[in-house]
There are 2 protein chains.
Amino acid sequence: MESCDRYAGLKLENQLCFPLYVCAKEVVRRYRPLLDELGITYTQYIALMALWEHRSLTMKELGSMLCLDSGTLTPLMKKLEEAGYVERCRDRDDERVLTVTVNEKGMELREKALSVPGEIASCIPLPVEDAITLARILRKMMADLCGEEQ
Amino acid sequence: MESCDRYAGLKLENQLCFPLYVCAKEVVRRYRPLLDELGITYTQYIALMALWEHRSLTMKELGSMLCLDSGTLTPLMKKLEEAGYVERCRDRDDERVLTVTVNEKGMELREKALSVPGEIASCIPLPVEDAITLARILRKMMADLCGEEQ
DNA sequence: ATCACTTCTATTGTATGCAATTCGATTGTA
DNA sequence: TACAATCGAATTGCATACAATAGAAGTGAT
């Protein structure tokens, strides 16, 4: 049953990470045309999801929730600010801390985004049962991979 | 049981793509220190896996196997050539086609990479059963997402 | 209060990724 | 055989990602 090939572990077809890597890229690619209509990218979309729910978050909180470091997050938030969706301002009590807040225009974008989850679901062919299993495993995995460093 | 929140579909915690995206990034990040020792990146690693197995592949074949387009693949292969692991040459019969071939030095790298899969497995906390289920679902999903365009 | 230490964000440098376009080579067809 | 259409890579432009570093702002122990 098992391959006795010395190099079996180095075959693409035996990798777990490779399909993970490909699926993630491909799914994000499916978002692109939908988010183009809103004028945002996928990374901006997930950042906005966090902000839509919490209204106001520090860079550190955002980084922790999205698993992104400041090298990615800083320019990302500057762009959302330029686009007029958020405001960035330093904390009075602690000048190191930068708090990002969604404004009215940012909250309006949420309405336009309402149809996105459904459209994505319909163009990703995955049986409901598999989707549930996948979500369970990935969420646990994400917690293990991201939680340990905090 | 179900949330009646109008915006439930736009919550991070209800996304399937988000943990997929995060897990893919985090797992690739786990590869980095291991591949640093070999002097290659993750994308170069998967390209080499394909080449280690097939010795010689055209850019089109590589792009199809790895789900990467020429904008990513062309500079990637040039770097592997500069590093001395592969040779790139145009097809005699069809000058449009560029064939990439691993050379001796490239094949030697395979030996050094033998320990990588095991080391990755040991630092990704996932029960065997979940790993098997995850692999099954992701492989099917990858086929659906990447196959339809060909 | 001082100074080493920690924290939080920003910056720099490198490597992807992909859409859109270009360009030379090949093919199919009248 | 012209020639439009197609094909396979390469190029361009933009947006991530992250490691490493910097730098300004707090903290804590003495």
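Biologist: In this predicted model, how far is a backbone N or O atom of B:Asp93 from a phosphate oxygen of DNA strand C?

Modeller: A polar contact is read from a pair of N or O atoms within 3.5 Å. For B:Asp93, a backbone N or O atom lies 3.3 Å from a phosphate oxygen of DNA strand C. Chain A also takes part: a polar backbone atom of A:Met59 is 3.3 Å from a phosphate oxygen of this strand, and an N or O atom in the side chain of A:Thr74 is 2.8 Å from one.

Biologist: Which elements give two or more residues to the surface near DNA strand C?

Modeller: In chain A they are helix H1 (17-38), helix H3 (59-66), H4 and strand S2 (86-90), and in chain B they are H2 and H4. By class, this surface divides into seven nonpolar, nine polar and 14 charged residues.

Biologist: Which residues come nearest to DNA strand C, and what share of its atoms within 4 Å of the protein belongs to sugar and phosphate?

Modeller: Of the 30 residues around the strand, A:Tyr21, A:Lys60, A:Lys78, A:Arg88 and B:Thr41 come nearest. Sugar and phosphate account for 76% of the strand C atoms that come within 4 Å of the protein.

Biologist: How many residues surround DNA strand D, and which come nearest?

Modeller: There are 29 residues around DNA strand D, and A:Thr41, A:Glu95, B:Tyr21, B:Ser70 and B:Lys78 come nearest. Here sugar and phosphate make up 79% of the strand's atoms within 4 Å of the protein. Phosphate oxygens of strand D lie 3.1 Å from an N or O atom in the side chain of B:Arg29 and 2.9 Å from a backbone N or O atom of B:Lys60.

Biologist: Let us turn to a helix. Which residues of helix H6 of chain B are buried, and why are they said to be on the same side?

Modeller: The general idea is that an α-helix has 3.6 residues a turn, so residues three or four places apart point the same way. In helix H6 (residues 116-123) of chain B, the residues B:Val116, B:Pro117 and B:Ile120 are buried. They cover an arc of only 95° around the axis, which puts them on the same side of H6(B).

Biologist: What covers the buried residues of H6(B), and which exposed residues does the face turned away carry?

Modeller: The cover includes H1, helix H2 (42-54) and helix H5 (104-113) of chain B. The face turned away from the buried side carries the exposed residues B:Ala121 and B:Ser122.

Terms used: Residues are numbered from 1 along each chain as its sequence is written. Chains are lettered from A and ligands numbered from 1 in the order in which they are written. This is a predicted model: local features need pLDDT of at least 70, side-chain atom pairs count only at pLDDT 80 or more; totals for chains, interfaces and linings use all residues. Side-chain values use heavy atoms; hydrogens and water are left out. A residue is near a molecule or strand if one of its heavy atoms lies within 4 Å of it. A polar contact is a pair of N or O atoms within 3.5 Å; within protein, one must be able to donate a hydrogen and the other to accept it, and residues adjacent in sequence count only if both atoms are side-chain atoms. Buried means under 20% relative accessible area, exposed over 50%, partly exposed in between (1.4 Å probe, protein chains only). Helices (H or I, at least four residues) and strands (E, at least two) are DSSP runs, numbered from the N terminus. The arc is that of the directions from the helix axis to the C-beta atoms. Contact means heavy atoms within 4.5 Å. Ala, Val, Leu, Ile, Met, Phe, Trp, Tyr, Cys and Pro count as nonpolar, Asp, Glu, Lys and Arg as charged, and the others, Gly among them, as polar.
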